[in-house]
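Thanks for coming, everyone. I'll keep this brisk. Let me put the structure up.

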Amino acid sequence: MNRRRFLTIAAASAAVLASPAQAAPPLARIRGQALGTRVEILLAHPEAEALGARALAEIARLEAIFSLHRPSELLRLNETGCLAVPAFELLDCLTLTGRVHAATGGRFDPTVQPLWQLHAARFAAGAPPSAEEIAAARARTGWERVVFDADEVRLGRGMALTLNGIAQGYIADRVAALLTAEGLRDVLVDTGELAAPAGRPGGGGWPVTLAEEAGHLELRSAALASSAPLGTTFDTEGRAGHILDPRTGRPGPARWRLVSVTGPSAALADAASTAFCLMDRAEIEAALAALPGLRLAALV
């Protein structure tokens, strides 16, 4: 089950579609897939289909950088431990990762991929991993062992990365930037995280309903990302959440059912909402102070 679809966000686009202001041109829905989740782009333009096709092509290009499930730069990096001449987008995403890692005291750490693989395999076999197995996997983690510059990205021995906690937001940002460069600002990009460069066509913000009875908001000139620790679980009972604490190598404590973050960057909001699932309220507030522009939209 995809964590984003389970947990929170339903853009209330029916209200937008009913607005008389959308009569010419009508609001178009462009649908696709990225990183294993549904993508939807809402825009009103006479050439909506052509613009949407361009956006979907950009998503496919970015997926060939970040995917863990199809050939990509990230997969090559994980397989070999070294990637020469990495794409700008990979370097950019790793730089943003470093910011959130530092601001959250290391709670956001994409080097947990060996731990994630261990938990997935052991729970699929019917039992959680042992303490010894977790310790061995933790020895192959550590953000400080990831080295990157324009020439190469290099991982420590036996390491692997997952960018699933930031890449969906990053792709939303990039698609929104592409459409803005084409002169469209009143669009909504939903890659599992939301990016709205401005408001909805005809005025006002994009109405968004947050799940878990967390309320409603209007998204305008901002991004929104959410995480739920139990949105995806390793076990059939729904108790072992998918967000792993890098300090213990185990699923984090169930402090929150839902964390939603808004800000100027969907990538930063995505990474922050993931890390905040592992943090108490005081720690979250301290991290927000180190990440200017981000704020909590929901914490339940």
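Start with one residue pair: Ala196 stands opposite Ala222 in strand 11. Before I go on, note that this is a predicted model.

That pair belongs to a strand pairing. Strand 8, residues 194-196, runs antiparallel to strand 11, with 3 bridges between them. Now go to the other partner. Strand 11 also pairs with strand 14, residues 259-263, again in the antiparallel sense, over 5 bridges. There, Ala225 stands opposite Val261.

So much for partners. Is strand 11 buried or exposed? Strand 11 spans residues 222-227, and 6 of its 6 residues are buried. Take the two faces in turn. Ala222, Leu224 and Ser226 lie on one side, and they are buried. Ala223, Ala225 and Ser227 lie on the other side, and they are buried too. Both faces of the strand are covered.

Next, helix 8. This helix covers residues 167-181, 15 residues in total. From first C-alpha to last, helix 8 reaches 21 Å. The expected value at 1.5 Å a residue is 21 Å, and the helix comes close to that.

Which residues of helix 8 are buried? At the start of the helix, the list runs Ala167, Gln168, Gly169, Tyr170, Ile171, Ala172 and Asp173. Further along, Val175, Ala176 and Leu179 are buried as well. One general reminder: an α-helix has 3.6 residues a turn, so residues three or four places apart point the same way. Just after helix 8, look at Gly183. Its phi is positive, about 95°.

Now helix packing. As a rule, two packed helices are described by the angle between their axes and the distance between the axes. Take helix 5, residues 88-103, and helix 9, residues 266-276. Their axes come within 10 Å and cross at roughly 40°. That makes helix 5 oblique to helix 9. The crossing of helix 5 past helix 9 is right-handed.

On to charges. Side chains of opposite charge can pair when their charged atoms come close. How many salt bridges does a search of the whole structure find? The search finds 14. I'll show three of them.

First up, Glu133 and Arg122. Their side chains meet in a salt bridge at 2.7 Å, N to O. This pair links distant parts of the chain: Glu133 is in helix 7, residues 131-138, and Arg122 is in helix 6, residues 113-124. The two residues are 11 residues apart. Glu133 has 28% relative accessibility, so it counts as partly exposed. Arg122 has 33%, so it is partly exposed too.

Next, Glu152 and Arg154. This salt bridge has its closest N and O atoms 3.2 Å apart. Glu152 is at 27% relative accessibility, so it counts as partly exposed. Arg154 is at 42%, and it is also partly exposed.

Then Arg38 and Glu40. Here the closest N and O atoms are 3.8 Å apart. Which end of this pair is buried? Glu40 is, because its relative accessibility is 10% and the cut-off for buried is under 20%. Arg38 is partly exposed, with a relative accessible area of 31%.

This last pair also belongs to a network of salt bridges. Arg29, Arg31, Arg38, Glu40 and Asp190 are linked in it.

That's my tour. Over to you for questions.

Methods. Residues numbered from 1 in each chain as written. Predicted model: local features only at pLDDT ≥ 70, side-chain atom pairs only at ≥ 80, totals over all residues. Heavy atoms only, no water. Helix = DSSP H or I, 4+ residues; strand = E, 2+ residues; numbered from the N terminus. Expected span 1.5 Å × (residues − 1). Buried < 20%, exposed > 50% of the residue type's maximum accessible area, 1.4 Å probe, protein only. Pairing = 2+ DSSP bridges. Salt bridge = Lys/Arg side-chain N within 4 Å of Asp/Glu carboxyl O. Axes fitted to C-alpha atoms, helices over the stretch in contact; angles between N-to-C directions. Parallel < 35°, antiparallel > 145°, perpendicular 65-115°, else oblique. Left-handed = near helix turned anticlockwise from the far one by under 90°.
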